[in-house]
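Subject: Structure for you, with notes on the sheet

Hello,

Here is the structure I promised to pass on. Please open it alongside this message, as my notes follow directly below.

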Amino acid sequence: MDPYTFYTLLTLASVGKAGMILLVAPQYPGRITRGMYAWALGGLMMGMNFALFVLTARSLVPEPVALGGAVTLGIGGTLLVFVAVQELRERVYSKFALLGVFVFAAVANAYTLHAGHDGLRISVNSVLAAAVFFMIAHALLRPDPPSGRSIYRVTGFLALAISMVLAIRAVSPLILDSPIVHPMDENWVQQLTYSAILVGNVLGSLCFGLIVAEELNAELHQLASFDSLTRIYNRRVFENLATDELLRARTKRVPVSLLMIDIDHFKQVNDRHGHAAGDAALVRVAETMEESLRHRDLLCRYGGEEFGVLLPATARAQALRIAERLRLATMHAGFLYGGEAIPLTVSIGVACIEGPPYDLSLLKHDADRALYVAKQAGRNRVAVV
Ligand SMILES: Nc1nc2c(ncn2[C@@H]2O[C@H](COP(=O)(O)OP(=O)(O)OP(=O)(O)O)[C@@H](O)[C@H]2O)c(=O)[nH]1
């Protein structure tokens, strides 16, 4: 296959890929859609980059315009892949800095083409492309994706490998007998570069598709397991995990305690300050609980303004102490809404299983009864059955 047929096919593949991504992207959650749009736009720019080579070969575009334009579009497309990764991971990045790199690439190409500094142009473009691939690799390999997402590591190392190849190309005047002055020059550095770009294009697309699938999975898991407002476990997952914990307790013959926690006079918070203030209060209480609990304790929003805490390997007396700590922490946490301090207190019912039967519904029933007692006794207190 001659290089131009090859470039035509690459153009069609890039445009087709971008079109398909654009068609399906809107149905996904926000950050994934934004990531996919950036990815598709990047693919489109890469496609135009290949198209320019074809057009100049057919004498439809003057060669200098094609050379400068193709590289600038290639760098722009690569920058958009970086944007796509950052959007998917919901990270902040400077659009102006990226635009600056893109404009610098365009100006550097225009100047070096005009002045006839071909070797310098190749080196500058290679440095820029190597830097952008390095940024992509860094964004993918940063340790903040949850562990076990190996697809991030695989894609990150692929980007790092491409970055290294481009770095070799940048310093090739020091290595080669005759420096590269035209993209179609043939030598081992060029062959390595084009192989890396081709492999990166094909494997990169595959990897990116797998990353999107991985992110969708994580999103679905988040939706299915966590309360969307407070970001703590929802009741369904809590009850599953609590049932597992009770099985463990039965095997090891250790006690388990449950706290049922209800915000006092919460209706008044909504009525006086509005529903948004009520929502913010729920988040504040959840945060306070999370900060005050041990890592292995299970916290969930049971529903409305009610929270549940399962305390593994915890006997009644200790559970009472923990409940009291949570009550005080909430009272002293301080909740400000619209500049106004809104007092928040909770009532807590404590129940404990110290021997068979290790039954969750029984434990829940007892904790509810204790909570009722705490409310009847005047609220902002802990009660136990
Ligand atoms: N803002 C907000 N309010 C909620 C949410 N879920 C439940 N509520 C409100 O929580 C309030 C619960 O009120 P009640 O059950 O009467 O209890 P309370 O006012 O806290 O009184 P006591 O529990 O007896 O101290 C209701 O007004 C619900 O509308 C939510 O997700 N957001």
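Start at one end of the sheet, where G349 faces A383 in β8. Please keep in mind that this is a predicted model. G349 belongs to β7, which runs parallel to β8, with 3 bridges between the two strands. Helix α13 (residues 360-376) joins the picture here: β7, α13 and β8 make a left-handed β-α-β unit.

Now the whole sheet. It is open and has 6 strands, in the order β1-β3-β4-β2-β7-β8, with mixed pairing. The edges are β1 (233-234) and β8 (382-384); each has a single partner strand, so one side of each lacks a neighbour in the sheet. As general background, strands of a sheet pair through backbone hydrogen bonds, either parallel or antiparallel.

Next, β2 and its two partners.

- With β7 (residues 346-353), β2 pairs antiparallel over 8 bridges. Two positions to look at: L258 stands opposite A351 in β7, and V256 stands opposite I353 in β7.
- With β4, β2 also pairs antiparallel, over 6 bridges. Here D262 stands opposite E306 in β4.

How buried is β2? Of its 8 residues, 8 are buried, so the strand is largely enclosed by the rest of the structure. V256, L258, M260 and D262 point one way from β2, while S257, L259, I261 and I263 point the other way. All of them are buried. Note that D262 is in that buried set, and that D262 is the residue facing E306 in β4.

β7 is mostly covered, with 8 of its 8 residues buried. V346, I348, V350 and C352 point one way from this strand. S347, G349, A351 and I353 point the other way, and all of these residues are buried. G349 and A351 therefore share a side of β7; G349 stands opposite A383 in β8, and A351 stands opposite L258 in β2.Then there is the other end of the sheet. Strands β3 (residues 298-303) and β4 (residues 306-311) run antiparallel and are joined by 5 bridges. In this pair, R301 stands opposite F307 in β4. Helix α9 (residues 235-252) packs on the sheet, touching β1, β2 (256-263), β3 and β4. Its direction makes about 135 degrees with that of β3.

Best wishes

Note on methods:
Residues are numbered from 1 along each chain as its sequence is written. This is a predicted model: local features need pLDDT of at least 70, side-chain atom pairs count only at pLDDT 80 or more; totals for chains, interfaces and linings use all residues. Two strands pair if DSSP finds at least two bridges between them. Helices (H or I, at least four residues) and strands (E, at least two) are DSSP runs, numbered from the N terminus. Two residues are in contact if their C-beta atoms, placed from the backbone, lie within 7 Å. Axes are lines fitted to C-alpha atoms, for helices over the stretch in contact, and angles run from 0 to 180 degrees between N-to-C directions. A residue is buried if 20 or more other C-beta atoms lie within 10 Å of its own, exposed if 12 or fewer, and partly exposed in between; C-beta atoms are placed from the backbone. A crossover is right-handed if, with the strands pointing away from the viewer, the path from the first strand over the helix to the second runs clockwise.
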